[in-house]
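Got the model open in your viewer? Set it to show side chains as sticks, and we'll walk through it one selection at a time.

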Amino acid sequence: MPDNRTPDQRHRNMAAVHSVSTKPELKLRHVLWNNGFRYKVNDRRLPGHPDIVLPKYRTVIFVHGCFWHCHKNCKKATIPKTNTDFWTAKITRNQQRDQEVWRQLEAKGWFVITVWECQLKKAVLDETIDRVKAEILRNGEILRQAQEDRRKARESYRQEMRSRKERETALKAELLQK
C-alpha cells in the first residue's frame, strides 16, 4: 500500500518523533521516582546517553521504541512497505549500535536494563515495573557485595603489610643485637 501522505507531511510527522523524554520514558521515570529511585537523565558522559541512569545502583535503563529497535515478536516492530531497504538498514544499524553501547557500558562496570515501549502499556505495566525494580535492587546488591569484597581485600592487604613490617623490624632489631 502506498504512503497516503505527501513527502512534506511525512517529513513533519517523522520530525515530530522525539528521542528524549518520550511518553514511555516519562511513564517509567515517574514510577521509578515514586518508588524512591533517584536518577539522572541522558547522561552524556556515558556511551549511548542512557535514558535513565541510577548511579547508586550502577545501572542504566534504555527505553526502546518497538518500531525503532525492532522488538522481536511485537506487532509494532514491522518494516514499512515503502522504502524497505532504507528502513531495514536503519533498524539494523540501531540494533548494532544498541549492542555496541551495551558492551561499552558493561566494560565500564554498568548494569544495563532494556525496557520496551510495549512493556509500559497498562496491561503489563505493573509486571514490568516489578521486574525493573527487582533488577535494580539485585544490581545494587551485587555492587554492594563487590565493594565489600574489595574492602576486605584491602584490609587483608594492609594487615599483611603491617605484619611484614613488624617481622622486618623484629629482624632488624635482632641483627642489631648481634
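Start by selecting I52 and everything it touches. Leaving out neighbours within four places in sequence, the contacts of I52 are L28, R29, L32, Y39, K40, T59, V60 and I61. Keep in mind as you look around that this is a predicted model. I52 itself sits in strand 2, which covers residues 52–54. Is I52 buried or exposed? Its relative accessibility is 0%, so it counts as buried.

While you're here, put a distance label between the C-alpha atoms of I52 and F62. The label should read 6.6 Å, for two residues that are ten apart in sequence.

Next, follow the chain out of strand 2 and pick R58. This residue is in the loop between strand 2 and strand 3, the latter being 59–64. Check the backbone torsions: phi of R58 is positive, about 50°, although R58 is not a glycine. With a relative accessibility of 27%, R58 falls between the 20% and 50% cut-offs, so it counts as partly exposed.

There's another backbone of this kind to look at, so move on to N73. N73 also isn't a glycine, and its phi is positive at about 60°. You'll find N73 in the loop that runs between strand 3 and helix 3 (84–107). How exposed is N73? Its relative accessible area is 87%, so N73 counts as exposed.

Now for strand 4, residues 111–116: select T114 there. Which residues does T114 touch, if you skip those up to four places away in sequence? They are F62, H64, W102, Q119 and R131. F62 should ring a bell, as it was the other end of your 6.6 Å label from I52. The relative accessible area of T114 is 19%, and buried means under 20%, so T114 counts as buried.

Back to one of the I52 contacts, R29. Select R29 together with E25 and look at the side chains: they meet in a salt bridge, with 3.9 Å from N to O. Why are these two about one helical turn apart? Because they are four residues apart in helix 2. Color by accessibility and you'll see that E25 and R29 are both buried.

Stay in helix 2, which spans residues 23–34, and click on K27. K27 has a relative accessible area of 34%, so it is partly exposed. Add K75, K121 and K122 to the selection: together with K27 they gather in a patch of positive charge on the surface. If you're planning to map electrostatics, that patch is a handy place to point the camera.

The last stretch of the tour is helix 4, residues 125–177. Begin with R151 and E148, which form a salt bridge whose closest N and O atoms are 2.5 Å apart. The two are about one helical turn apart because three residues separate them in helix 4. R151 has 39% relative accessibility, so it counts as partly exposed. E148, at 28%, is partly exposed as well.

Go along helix 4 to R154. At 42% relative accessibility, R154 counts as partly exposed. Here's another distance to label: from the C-alpha of R154 to the C-alpha of A123. They are 31 residues apart along the chain, and the separation in space is 49 Å.

Then select R158 and E155. This pair makes a salt bridge too, with 3.8 Å between the closest N and O atoms. Both residues lie in helix 4, three residues apart, about one turn of the helix. R158 counts as partly exposed at 43% relative accessibility, and E155 does so at 34%. Add R162 to the selection and you have a network: E155, R158 and R162 are joined by salt bridges that share partners.

Want to keep hunting on your own? How many salt bridges does a search of the whole structure find? The search finds eleven, including E25 with R29, R151 with E148 and R158 with E155.

Conventions:
Residues numbered from 1 in each chain as written. Predicted model: local features only at pLDDT ≥ 70, side-chain atom pairs only at ≥ 80, totals over all residues. Heavy atoms only, no water. Patch = residues over 30% accessible without salt bridge, like charges linked within 9 Å, V, L, I, M, F, W, Y side chains within 5 Å. Areas by Shrake-Rupley, 256 points an atom, 1.4 Å probe, with all protein chains shown as cover. Salt bridge = Lys/Arg side-chain N within 4 Å of Asp/Glu carboxyl O. Lys, Arg positive; Asp, Glu negative; His and termini not counted. Charge placed at Lys NZ, Arg CZ, Asp CG, Glu CD. Buried < 20%, exposed > 50% of the residue type's maximum accessible area, 1.4 Å probe, protein only. Contact = heavy atoms within 4.5 Å.
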